[in-house]
Amino acid sequence: TDARIEYYFETDIKARPTLNEDGSVDFFHLNAINHCNKGDVLARLFPEDPGEYGRNVMDEKIKPRDVRKRVLRYGRNIALSEDRLVLTAETVGHVTLVEDKVFVSNVFEVENVDNSTGNIEYDGSVKVNGNVCTNFSIKAKGNIEVSGVVEGAVLEAEGNIIIARGMN
């Protein structure tokens, strides 16, 4: 059998609104962040099984088919087990999969906080490269840094809040 990798987080993140118990839809909570804690198992590699030679009716050896090998690819804040089969998070943050490479970051970075991201609740720091739109909120256990404008929004941080271009 070919080698395979099993991921223990959502690998295909799509912003989906939250369905409330009464059947209504909350477009402010889009569930677009894969939170992880220190020590969480993120991925496991199941190695290839090359198989054994077989025999045909003429008692000749038959080679098994070629199998595909795989390796775990990863970025910062991730530990690889000694047997090279398990990836675990080394920090609290969010986990993403980009081109078969697993990343963990303790800074959540977005362009704008609007309908595309929804409200943000994050255990680390949040960096917004653009603006925070009206009626949206950011809650962070670290710092919040906004490069643009904050307009009619709620920002809560256990660290610092830095707004570069002002607020209304």
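Is Phe 108 buried or exposed, and what is its relative accessible area? In this predicted model, Phe 108 has a relative accessible area of 12% and is therefore classed as buried, the limit for that class being under 20%.

Two aromatic pairs are counted in the structure. One of them joins Tyr 7 and Phe 9 in an edge-to-face arrangement, with 5.8 Å from centre to centre and 65° between the planes; Tyr 7 is partly exposed at 21% relative accessibility, whereas Phe 9, at 12%, counts as buried. The rings of Phe 108 and Tyr 122 have centres 5.6 Å apart and planes at 35°, so this pair is tilted. Phe 108 lies in strand β13 (residues 107-110) and Tyr 122 in strand β14 (residues 120-122), so that the contact links distant parts of the chain, 14 residues apart. Tyr 122 is likewise buried, with a relative accessible area of 3%.

Rings also take part in contacts with charged side chains: the charged end of Arg 4 sits over the ring of Phe 46, 4.1 Å from its centre, and that of Lys 61 over the ring of Tyr 53, at 5.3 Å from the centre.

Among the strand pairings, β4 (residues 35-36) runs antiparallel to β11 (residues 93-98) and is joined to it by two bridges, with His 94 as the bridge partner of His 35. Strand β11 is also joined, by five bridges and again antiparallel, to β12 (residues 101-105), where Lys 101 is the bridge partner of Val 98. These two strands, β11 and β12, form a hairpin with two residues between them, and Glu 99 in the turn has a positive phi of about 50°.

How values were computed
Residues are numbered from 1 along each chain as its sequence is written. This is a predicted model: local features need pLDDT of at least 70, side-chain atom pairs count only at pLDDT 80 or more; totals for chains, interfaces and linings use all residues. Side-chain values use heavy atoms; hydrogens and water are left out. Two strands pair if DSSP finds at least two bridges between them. Helices (H or I, at least four residues) and strands (E, at least two) are DSSP runs, numbered from the N terminus. Rings of Phe, Tyr and Trp (its six-membered ring) pair if their centres lie within 6.5 Å; planes under 30 degrees apart count as stacked, over 60 as edge-to-face and the rest as tilted. Buried means under 20% relative accessible area, exposed over 50%, partly exposed in between (1.4 Å probe, protein chains only). A charge sits over a ring if NZ of Lys or CZ of Arg is within 6 Å of the ring centre and within 35 degrees of the ring normal.
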